[in-house]
Amino acid sequence: MEPQRLAINQITTPRWSLAEAAQGYARQGVGGIGVWRDKLAECGLPQARRLLRDTGLRVPSLCKAGDLAQLDARGPHAALEDCRRAIDEAAAIGAATVVFVGGGMGAHASLQDARGRLFEVLQDAAAFARQAGVSLGIEPFHPMHAAERGCVNTLAQAHRLCQALGGATSVVLDVFHCWWDPDLHTYLAPPYLAAVSTVQLCDWRVPTRHPVTDRAMVGDGAADVAGLVRRLEANGYRGPYEVEIFSTDWWERDPADVTRLCVQRCLALDRA
């Protein structure tokens, strides 16, 4: 894996501001940064643009839009307006993709109803994304999150949504959420790779102590991350990789040390 294709997602080092993260990642020679909207808001768009220009970092993703159940509780148009704001922010900083997290069931009677609502919002938001030149990256979530955090749960579902919605949408492949998928290798094949906008790397800790904040460092868990990367590369994937580690353990460590280890582990993956 070439260093310029590797990014660190800000959630991996949340103690750092956007400025600290951009400078810290650039010092390690990586090519990109996955930006979070709360960090972007703290920094401000003008300063963020200057930072990214000065460090030379690309932005494969801006996280996140969606969480429809929460947004719908604020009013009938809140979810679409949130998507519009995220798309505008992504365009302003040159982010290729807005990570779209559908959210869980909320007040819906069934998963089918929640997924129908998700499709409605994506249909409307895709028009804004297409106009802005930004992709809405649909991220399937591990099934344990279906009720509360993400009602799209397999790569097959995400790809079907992209086919139905057209070119303004893509798939975000997150190892934590997808490593278990029995059809994973099917969706690493060339016919599907064009729809993948970014690949998010971490590992599945054994035993997992928390459903959200207990991801493992790349290479320390049960997922065959090296095998996944080798297959992607062999099949012609040339897009970005992002290290994205939600972990209270890793968040307690020095962000510079965490970044250094992330880079070391990931640059060796396709040779493992």
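**Figure 1. Helix 3 and helix 5 cross at an oblique angle.** Angles under 35 degrees count as roughly parallel, over 145 as roughly antiparallel, 65 to 115 as roughly perpendicular, and the rest as oblique. The view comes from a predicted model. Helix 3 spans residues 45-55 and helix 5 spans residues 78-93. Their axes come within 9 Å and cross at roughly 40°. Helix 3 and helix 5 are therefore oblique to each other. On the helix 3 side, the contact is made by L45, A48, R49 and L52. Helix 5 contributes E89, A92 and I93.

**Figure 2. Eight parallel strands close into a barrel.** The 8 strands follow the order 1-2-3-4-5-6-7-8. Neighbouring strands of this sheet are turned by 35° against each other on average, direction ignored. Strand 2 (residues 32-36) is joined to strand 3 by 2 bridges, and the two run parallel. Here V35 has L62 of strand 3 as its bridge partner. Strands of a sheet pair through backbone hydrogen bonds, either parallel or antiparallel.

**Figure 3. Strand 4 is covered on both faces.** Strand 4 covers residues 97-101, and 5 of its 5 residues are buried. T97, V99 and V101 lie on one side. V98 and F100 lie on the other. In a regular strand the side chains alternate between the two faces of the sheet. Strand 3 (residues 62-66) pairs with strand 4 in the parallel sense over 4 bridges. In that pairing, F100 of strand 4 is the bridge partner of A65. Strand 4 also pairs with strand 5, again parallel and over 4 bridges. There V99 stands opposite G137 in strand 5. Together, strand 4, helix 6 (residues 111-132) and strand 5 make a right-handed β-α-β unit.

**Figure 4. Strand 6 is largely enclosed by the rest of the structure.** What leads to that description of strand 6? Of the 6 residues in strand 6 (residues 169-174), 6 are buried, so the strand is largely enclosed. T169, V171 and L173 occupy one side. S170, V172 and D174 occupy the other, and both faces are covered. Strand 5 (residues 135-138) runs parallel to strand 6 and is joined to it by 3 bridges. G137 has S170 of strand 6 as its bridge partner. From strand 5, the chain crosses through helix 7 (residues 155-165) to strand 6. This β-α-β crossover is right-handed. Strand 7 (residues 196-201) also runs parallel to strand 6, with 4 bridges joining the two. D174 stands opposite Q200 in strand 7.

**Figure 5. Helix 7 is mostly covered.** In this helix, 8 of its 11 residues are buried. They are L155, A156, Q157, A158, H159, L161, C162 and L165. Which elements do these buried residues pack against? The partners are helix 6, strand 5, strand 6, helix 8 (175-178) and helix 9 (190-193). Just after helix 7, G166 takes a positive phi of about 95°.

**Figure 6. C162 and C178 are buried cysteines.** A disulfide is a covalent bond between the sulfur atoms of two cysteines. The cut-off for a pair of cysteine sulfur atoms is within 2.5 Å. By this rule the count comes to 0 disulfides. Why is C162 not bonded to C178? The closest cysteine sulfur to that of C162 is in C178, 12 Å away, which is too far for a bond. C178 is in no disulfide either: its nearest cysteine sulfur, that of C202, is 10 Å away. C162 has 8% relative accessibility and so counts as buried. C178 has 2% relative accessibility and also counts as buried.

**Figure 7. Two helices lie across strands of the barrel.** Helix 1 (residues 18-27) lies across strand 1 (6-9) and strand 2. Helix 1 runs at about 165° to strand 2. Helix 10 (residues 225-234) lies across strand 6, strand 7 and strand 8 (241-243). Helix 10 runs at about 155° to strand 7.

Definitions and conventions: Residues are numbered from 1 along each chain as its sequence is written. This is a predicted model: local features need pLDDT of at least 70, side-chain atom pairs count only at pLDDT 80 or more; totals for chains, interfaces and linings use all residues. Side-chain values use heavy atoms; hydrogens and water are left out. Buried means under 20% relative accessible area, exposed over 50%, partly exposed in between (1.4 Å probe, protein chains only). Two strands pair if DSSP finds at least two bridges between them. A crossover is right-handed if, with the strands pointing away from the viewer, the path from the first strand over the helix to the second runs clockwise. Axes are lines fitted to C-alpha atoms, for helices over the stretch in contact, and angles run from 0 to 180 degrees between N-to-C directions. Contact means heavy atoms within 4.5 Å.
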